[in-house]
Each structure stands twice: as C-alpha cells, then as structure tokens.
Amino acid sequence: TTSVAAAVELQSLKKNGNGLHAETVNAIELPPTATTLLRHTGDYQLLLRNLKQPLKDGDRFDLTLNFARAGTQTLKVWVQTPRDPHADHKEH
C-alpha cells in the first residue's frame, strides 16, 4: 500500500520474444538468504495503479509491504529515471 496510488500490484517479469512480459501475482516466496529484486530489471516489479498525481525523478514516498509471517515493513521509495542499459556500450 502507498498514499501516492490507489493500489499496488506485484508483478512477475518473464522474458519472451518481445522483451519482458509482466503478470500480476498475489504473493512470492522470499527465502531468508536470497536476494529478490523488485525493480524493472529484476524478477518482479511493483506497479502503482491510479496515481494520485504524477511522479517525477527524485520524488520519495513510503510504501508498505505485507508479509505472511513477518508482518508489515514500510520502506522509502525513491523515484529514478531508469538508466539506459546500453549507455556504457555506445559506439564512438
């Protein structure tokens, strides 16, 4: 949950012939010693539905995650423009 949007969806990201395909999921397993990335380049992403106002680079807001056995955890989200993954490999 977050105050900046009406809803937050957890999506699984899978590679296909056209890039990445996002599918909404209700929950994911989070093993205690594993790292799970929740970002546009990870295995999962969080999608904010019905933003209350546009977000811009540098904005920060609270987002609360709900865990089945660990309660809730509120974290600070920092809005950043994704960097170009090919920026370091430009031809001169």
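The second largest pocket of this predicted model holds about 780 Å³ of space. Its lining is formed by 22 residues, and those nearest the centre of the pocket are Leu10, Ile28, Leu30, Asn66 and Phe67. Two elements, strand E1 (5–16) and strand E4 (60–67), each give two or more residues to this lining. E4 supplies the largest share, namely five residues. Sorted by class, the residues that line the second largest pocket comprise 14 nonpolar, five polar and three charged ones.

Strand E4 also enters the largest nonpolar core, to which it gives three residues, the largest share. This core has six residues in all: Val4, Ala5, Phe61, Leu63, Leu65 and Val79. In soluble globular proteins, nonpolar side chains tend to be buried together. For Leu65, one of the core residues, the contacts beyond four places in sequence are with Leu46, Gly71, Thr72, Gln73 and Leu75.

Thr2 belongs to the segment that precedes E1. Its relative accessible area is 12%, and Thr2 therefore counts as buried, since this value falls under the 20% limit. When residues up to four places away in sequence are set aside, Thr2 touches Val8, Leu48, Phe61, Asp62 and Leu63. Of these, Phe61 and Leu63 are members of the largest nonpolar core. With Asp62 there is in addition a short distance to describe: a polar atom of the Thr2 side chain lies 2.7 Å from the backbone oxygen of Asp62.

Note on methods: Residues numbered from 1 in each chain as written. Predicted model: local features only at pLDDT ≥ 70, side-chain atom pairs only at ≥ 80, totals over all residues. Heavy atoms only, no water. 1 Å grid on protein atoms, 1.4 Å probe; cavity = no way out; pocket = protein on both sides within 12 Å on 5 of 7 lines; lining within 4 Å. Points joined across faces, edges and corners; volume = space filled by probe spheres on them. Helix = DSSP H or I, 4+ residues; strand = E, 2+ residues; numbered from the N terminus. Nonpolar A, V, L, I, M, F, W, Y, C, P; charged D, E, K, R; others polar. Buried < 20%, exposed > 50% of the residue type's maximum accessible area, 1.4 Å probe, protein only. Polar contact = N/O pair within 3.5 Å; in protein donor to acceptor, adjacent residues only side chain to side chain. Contact = heavy atoms within 4.5 Å. Core = buried A, V, L, I, M, F, W, Y, C linked by side-chain atoms within 4.5 Å.
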